[in-house]
Amino acid sequence: FGTSFGNIGWGHTRSDDLFHWQPLPVALPPDGNNLIFSGSAVFDEFNTSGLCGDSAAEQQGCLVAVYTTNRRTVTEINQTQDIAYSNDGGITWTPFEGNPVLDRSLADFRDPKVFWYEPDQRWIMVIALPFERQVLIFGSPDLRQWEELSTFGPAGATGGIWECPDLFPLQVVNEPDTVKWIMKVDLNPGGPFGGSAGQYFVGEFDGRQFIPENPANSEEVLWLDYGKDCYCATTFANLPPDSAPRWIG
């Protein structure tokens, strides 16, 4: 509702052709002093959350948003991880009555990126501890109950706070049987030409822990690009196999 910080929520629009967009009501509005920060959304195909309703159509799955709520009181800030669900394809959203689903009583604990990890049949969340320059990895069978699995970092560039992590697999070029995992994390400031930036690490993920191939104390930083102020991009999951290139050289 303005150009200054505050009233932060999730807006959304819809389009049939990616050219013409229809604004929709605010998807996740702020609630008093509780602001809706960054996060991600997943398709809960098998209703692991139990939030997808009872009808035949809804039993085919629903959308679940996982996001940070910045809860401010007179004396403190507490950032928690909350969820909301949509049974109409993302048009309307209902916050989960049992929120928060993850609370560490921390003022800076944000930006959950969630994906389905098929080998273990559970959801994986990566989330930032900004001032510790760390990424925490959690696992959950139902998007409601989360178990802490491991910690990554500090590593690479640490000149600014860490935010908006992402973790995803990529196939190696000309090696059809080789897949590497990429841990992407942004920092602000600390980019190669000032401002914010995105960096990444190449390694392995076993469902619990990310192990980078580049040593944690390496001075070589793998930047997403060398421009100024590239920040908080995130990947899409569950794309059709031939919809976009997914390769690493």
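With which side chain does the side chain of Thr80 make a polar contact of 2.8 Å? In this predicted model, the partner at that distance is the side chain of Arg71, and a further polar contact, at 3.0 Å, links the side chain of Thr80 with that of Asp82. Thr80 belongs to strand β5, which spans residues 77-86. The residue is buried, because its relative accessible area of 0% falls under the 20% limit. When residues up to four places away in sequence are set aside, Thr80 touches Tyr67, Thr68, Thr69, Arg71, Pro100, Leu102 and Asp103.

One of these neighbours, Pro100, is itself marked by its backbone geometry, since a cis peptide bond with an omega of about -5 degrees joins Asn99 and Pro100. Pro100 is placed in the loop between β6 (94-95) and β7. Another cis peptide bond runs from Gly153 to Pro154, with omega near 0 degrees, and Pro154 is situated in the loop between β10 and β11.

The nonpolar interior was examined next. The largest nonpolar core holds 22 residues, of which Ile137, Phe152, Leu167, Met183, Phe205 and Phe210 touch the most other members. Two or more residues of this core are given by each of the strands β7 (110-117), β8 (122-129), β9 (134-140), β10 (147-152), β11 (161-172), β12 (175-188) and β13 (197-205). The largest share, four residues, comes from β12. Apart from residues up to four places away in sequence, Phe205 touches Phe115, Tyr117, Ile124, Ile137, Leu167, Trp181 and Phe210. A second core, separate from this one and made up of 20 residues, includes Ile83, Leu102, Val114 and Trp123.

Three of the residues named for the second core, Leu102, Val114 and Trp123, are also in contact with Trp146, whose contacts beyond four places in sequence further include Val101, Ile124, Met125, Phe138, Gly139 and Ser140. Trp146 is found in the loop between β9 and β10. With a relative accessible area of 13%, Trp146 lies under the 20% limit and therefore counts as buried. A polar atom of the Trp146 side chain lies 3.2 Å from the backbone oxygen of Leu143. Between Trp146 and Gln134, which are twelve residues apart in sequence, the C-alpha to C-alpha distance is 18 Å.

In contrast to the buried Trp146, Pro169 in strand β11 is partly exposed, because its relative accessibility of 34% lies between the limits of 20% and 50%. Leaving aside neighbours within four places in sequence, Pro169 is in contact with Val179, Lys180 and Trp181, and Trp181 is also among the residues that Phe205 touches. The C-alpha atoms of Pro169 and Val42 are separated by 17 Å, and the two residues stand 127 places apart along the chain.

The pocket analysis concerns the second largest pocket, which contains about 490 Å³ of space. Its lining consists of 19 residues, and those closest to the pocket centre are His12, Leu63, Gly89, Gly90 and Trp93. At least two lining residues are supplied by each of β1 (13-14) and β3 (34-44), and the largest share of the lining, five residues, comes from β3. When the lining is divided by class, nine residues are nonpolar, eight are polar and two are charged.

Positive phi values were also found in residues other than glycine, including Asn7, with phi near 55 degrees, and Cys232, with phi of about 60 degrees. Asn7 is placed in the segment before β1, whereas Cys232 is found in the loop between β14 (210-212) and β15 (247-248). Asn7 has a relative accessible area of 49% and is partly exposed, and Cys232, at 26%, is likewise counted as partly exposed.

Terms used
Residues numbered from 1 in each chain as written. Predicted model: local features only at pLDDT ≥ 70, side-chain atom pairs only at ≥ 80, totals over all residues. Heavy atoms only, no water. Buried < 20%, exposed > 50% of the residue type's maximum accessible area, 1.4 Å probe, protein only. Polar contact = N/O pair within 3.5 Å; in protein donor to acceptor, adjacent residues only side chain to side chain. Contact = heavy atoms within 4.5 Å. Core = buried A, V, L, I, M, F, W, Y, C linked by side-chain atoms within 4.5 Å. 1 Å grid on protein atoms, 1.4 Å probe; cavity = no way out; pocket = protein on both sides within 12 Å on 5 of 7 lines; lining within 4 Å. Points joined across faces, edges and corners; volume = space filled by probe spheres on them. Nonpolar A, V, L, I, M, F, W, Y, C, P; charged D, E, K, R; others polar.
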